[in-house]
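Here are my notes on this one, as promised. Have the model open while you go through them.

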Amino acid sequence: MTTKTVTNGTNPVPKKHSYWSKLGMDLIKNKWLYIMLIPGVIYFLVFKYLPMWGVIIGFEDYSPFLGPFKSAWKGLYWFQKFFSTKKWIDYLSNTLILSFMSIVFTFPAPIILALMLNEVRSMRYKKLTQTLLYMPHFISIVIVVSITYVIFGTDGIIYKLTAQMLGHKVDFLGDPGIFRWMIVGQSIWKETGWGTIIFLAALTNVDTQLYEAAMIDGANRMQRLWHITLPAIRSTIVLMLILRMGSVLDTGYEHLILMSNAMNRSVSQTLDVFVYQNGIVNGQLSYTTAVGLMKSLVSLILVITSNKIAHALGEEGLY
């Protein structure tokens, strides 16, 4: 703590600086760091915090011509309307099932792939493999869906091979039972490689002497993986899982709308699709804002709960 010495007779007495004076000195000392911070602060203020005031229209009968401060107040009307509809359970169940499948299959995929890449000893082959695995992340979801239609459509090679092998045709794009697996499979193919970056970075902090000591003790590769590698990145895995719980109800409307058709619509209608169709297409802004706010509150509760569970298990958690 910065102090200033003043004399009181013959004995010097330290004088504490106030909070604002310390802040002012720190601003002068690190002025260029604070200047570099300004664009980031402006970004979060404009695009993250100011839009939060828009949730007020979820409690109004919002009219763009009147604005949020002159529109009629409705209270909890839109929440009651959503839960009074017969299909709200279908929207919620479709969202939860798809999110659960994503957590079970999509979330562990980057971890498993990172562990596999970590075992590769040839750096040239490892870098080439990583580059090829990162590329799908930069491909638009529209292109991914187009490739899927070409491969699994009625004229696609997978469709024809399956028909020859099984003796009957399989409608990959229309069967509701296959639809969710197609969505999860596309997500794994597109994002797994990119998701390995953070886990590979965590693996670089593992002390190589631990592996050498384990090899001397006779531990095989699987034992080294289980007792050294996984515990070393456990905190990173827990942190990423907590963050994933914050978006558990976000299924992405673009992907689902592109893959949706009349035959699989019973399982493709999620909360995100509901918000898009009723808010953007039909213009029911207050209605869909209320549904979006409900999603955000559920996500916040899941993050807080997951963080508390992580603390109870001895992990640092998110905060």
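A quick definition before the points: a polar contact here is a pair of N or O atoms within 3.5 Å, where, within protein, one atom must be able to donate a hydrogen and the other to accept it. Also keep in mind that this is a predicted model.

1. Let's start with the overall build. The chain has 15 helices and four strands. Its radius of gyration is 27 Å, well over the 20 Å that the globule rule gives for 319 residues, so the chain is more spread out than a compact globule. The C-alpha trace spans about 100 × 75 × 35 Å along its principal axes.

2. Next, burial and contacts. Of the 319 residues, 35% are buried. Among contacts with a separation of 6 or more, 61% are between residues 24 or more positions apart.

3. On to surface and charge. About 20,900 Å² of the chain is exposed, and carbon and sulfur atoms supply 68% of that area. The chain carries 27 positive and 17 negative charges, and the mean positions of the two sets lie 7 Å apart.

4. Now have a look at Ser 260. Which loop holds Ser 260? You'll find it between α12 (253-259) and α13 (265-268). Ser 260 counts as buried because its relative accessible area is 18%, and the cut-off for buried is under 20%. Its side chain makes a polar contact of 3.1 Å with the side chain of Ser 268. Leaving aside residues up to four places away in sequence, Ser 260 touches Phe 179, Arg 265, Ser 268 and Gln 269, so Ser 268 turns up both as a polar partner and in the list of residues touched by Ser 260.

5. Thr 289 is worth a click too. This residue sits in helix α15 (residues 285-312). A polar atom of the Thr 289 side chain lies 2.6 Å from the backbone oxygen of Leu 285. Outside the residues up to four places away in sequence, Thr 289 touches Gly 54, Val 55, Ile 57 and Gly 58.

6. Last, both ends of α10. What caps the N-terminal end of helix α10 (residues 208-216)? That's Asp 207, with a side-chain oxygen 3.1 Å from the backbone nitrogen of Gln 209. Just after α10, Gly 218 takes a positive phi of about 95°.

Definitions and conventions:
Residues are numbered from 1 along each chain as its sequence is written. This is a predicted model: local features need pLDDT of at least 70, side-chain atom pairs count only at pLDDT 80 or more; totals for chains, interfaces and linings use all residues. Side-chain values use heavy atoms; hydrogens and water are left out. Helices (H or I, at least four residues) and strands (E, at least two) are DSSP runs, numbered from the N terminus. The radius of gyration is taken over C-alpha atoms; the globule rule is 2.2 Å times the number of residues to the power 0.38. Buried means under 20% relative accessible area, exposed over 50%, partly exposed in between (1.4 Å probe, protein chains only). Contact means heavy atoms within 4.5 Å. Accessible areas come from the Shrake-Rupley method with a 1.4 Å probe; for residues, only the protein chains shown count as cover. Lys and Arg count as positive and Asp and Glu as negative; His and the chain ends are not counted. The place of a charge is taken as NZ of Lys, CZ of Arg, CG of Asp or CD of Glu.
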